[in-house]
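What follows is a walk through one protein chain, taking its sheets, its helices and its nonpolar cores in turn. The sequence and the structure come first.

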Amino acid sequence: MNRVYSVSQINAYIRRMFQSDYALNHIYIKGEVSNCKYHSSGHIYFSIKDVKSSLSCIMFASAKREGLKFRMQDGQTVVVGGNINVFERDGTYQLYASEIILDGIGVLYEEFERLKMKLYEEGLFDHEIKKPIPQNPQKVGIVTARTGAAIRDIVSIAKRRNPFVQLILYPAKVQGEGAGQSVARGIRVLDEMNLDTIIIGRGGGSIEDLWAFNEEVVARAIYNAKTPIISGTGHETDTTIADYAADLRAATPSAACELAIPNVRELFALIEGYKLQLKQQIERKYEWYQYRLEQYQTRLHLLSPKNRLLQQQMELVHYHTQIETAMKNKQKQYQHRLQLYIEKLKGLSPVSKLTGGYGYVTDANEQPISHVSQVEAGSQISVMMIDGTMMAQVTEVHHRPQERSSDA
């Protein structure tokens, strides 16, 4: 008997076969919607059919947020993109949808992808060619409809952010036949007006409503423009060829205005900040140069001839004082020595011996008489006393007997 398999094994095997088939994992199927049910969980259960067959489908809530742009209803012809897989429990296969497009719109999406790839390969979307947006514009051009929410929002935001910026509107046709040519013409006209920035865009809508901004003529007008261009088309989730070609893409026209026009209050605050920084830097510089000036003044004062002369005068006074002190000290030393010499001389002076009754005796020839043998009786002598001189005559001469030595 051949090998027997379980139902689970067969269903798992079939599921692996579906998963390994590349075509079934990346497939788009066209059909009419039937049995469409929006579940409370957020999932959508439906079938698509043609004249011969039908196919069960499911779109999970997580895929619906990005892959479905309209409300599905029975009878609609749609193109469903996703993958086909087997639900093992029930042994059924179904299409797990990741994208659902209304028939007709699908053709537009194909054209969108074809043109995007073509322009990408030509380099119209390269980041290297993107022009920087001026930070402080004076004139901003706008290519959009004369009436509508887009221009009202742009004007309102511009007045609030910076009323000094001049807005120049080119009222273009942004929807319907000839809209792409009108937008492209508006870009070329404003580009010749020497503006700072150009905003292009319109409010949200379906892919058909936004198709003017997906036309090649608009993309090439953006590419050839000398003026930086901001594209703000549709809602945040909408993306157009113009967004890829523009120098900067904004989610909405209002966001484009905010990117193009700076908030003047923030600019004033920034200027005040720079002003404060500049003031602080100037004060620090002033303090530094004031300090250097004081240093130079001190050096100049020290090196000036007047100050040097004053220094030399002070040194002269100092030396004069030193010399004067030294001379006084020397004078005192010499005075002391002189006093000693005087006292010594007094001790040796004959005159000093005349005190106490002594006298200085000379003969008539004023020769000193030191021995009695030098005079005779009758000789004239002079006796000098401390207070005068007396003249006398020797009447007698007495010789003192000589003492004999002890050896005699």
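Two strands count as paired here if DSSP finds at least two bridges between them. With that in hand, take glutamate 32, which stands opposite lysine 49 in β2. Glutamate 32 also stands opposite threonine 77, a residue of β4.

The model is a predicted one. The mean pLDDT of the protein chain is 87, and 95% of the residues score at least 70. Among its elements, strand β6 (residues 139-144) has the highest mean pLDDT, 96, while helix α12 (residues 350-353) has the lowest, 66.

The strands that flank glutamate 32 belong to a closed barrel of five strands, which runs β1-β2-β3-β5-β4 with mixed pairing. From one strand to the next, the twist averages 55°. Helix α1 (residues 7-20) packs on this sheet and touches β4 (77-87) and β5 (92-102); the direction of α1 makes about 135° with that of β4.

Two pairings of the barrel can be followed from β1. Strand β1 (residues 27-38) pairs with strand β2 (residues 44-49) in the antiparallel sense, over five bridges. Within that pairing, serine 34 has serine 47 of β2 as its bridge partner. β1 and β2 form a hairpin with five residues between them, and in the turn glycine 42 has a positive phi of about 105°. The pairing of β1 with β4 is antiparallel as well, over six bridges.

Back on helix α1, asparagine 11 is one of the residues of this helix. Is asparagine 11 buried or exposed? The cut-off for buried is under 20% relative accessible area, so asparagine 11, at 11% relative accessibility, counts as buried. Its contacts, leaving aside neighbours within four places in sequence, are Val86, Glu88 and Gly91.

The next topic is the nonpolar cores. In soluble globular proteins, nonpolar side chains tend to be buried together. The largest nonpolar core in this model has 34 residues, and those with the most contacts inside it are Val143, Val183, Ile187, Ile200, Ile222 and Ile229. Two or more residues each are given to this core by α4 (105-122), β7 (166-171), α6 (179-191), β8 (197-202), α7 (216-224) and α8 (241-245). The largest share, five residues, comes from α6. Valine 143 touches, among others, Val183, Ile187 and Ile200, when residues up to four places away in sequence are not counted. A second, separate core has 20 residues, including Val33, Ile44, Cys57 and Ile100.

How do two of the helices that give residues to the largest core lie against each other? The axes of α6 and α7 come within 8 Å and cross at roughly 10°. Angles under 35 degrees count as roughly parallel, so α6 is roughly parallel to α7. On the α6 side the contact is made by Gly180, Gln181, Val183, Ala184, Ile187, Arg188 and Asp191, and on the α7 side by Val217, Val218, Ala221, Ile222 and Asn224.

Further along the chain, three strands form an open sheet in the order β11-β12-β13, with antiparallel pairing. Its edge strands, β11 (360-362) and β13 (388-393), each pair on one side only. The twist in this sheet averages 25° from one strand to the next. β11 pairs with strand β12 (residues 380-385) over three bridges, in the antiparallel sense, and tyrosine 360 has methionine 384 of β12 as its bridge partner.

Technical notes
Residues numbered from 1 in each chain as written. Predicted model: local features only at pLDDT ≥ 70, side-chain atom pairs only at ≥ 80, totals over all residues. Heavy atoms only, no water. pLDDT = per-residue confidence, 0-100. Helix = DSSP H or I, 4+ residues; strand = E, 2+ residues; numbered from the N terminus. Axes fitted to C-alpha atoms, helices over the stretch in contact; angles between N-to-C directions. Contact = heavy atoms within 4.5 Å. Core = buried A, V, L, I, M, F, W, Y, C linked by side-chain atoms within 4.5 Å. Buried < 20%, exposed > 50% of the residue type's maximum accessible area, 1.4 Å probe, protein only. Parallel < 35°, antiparallel > 145°, perpendicular 65-115°, else oblique.
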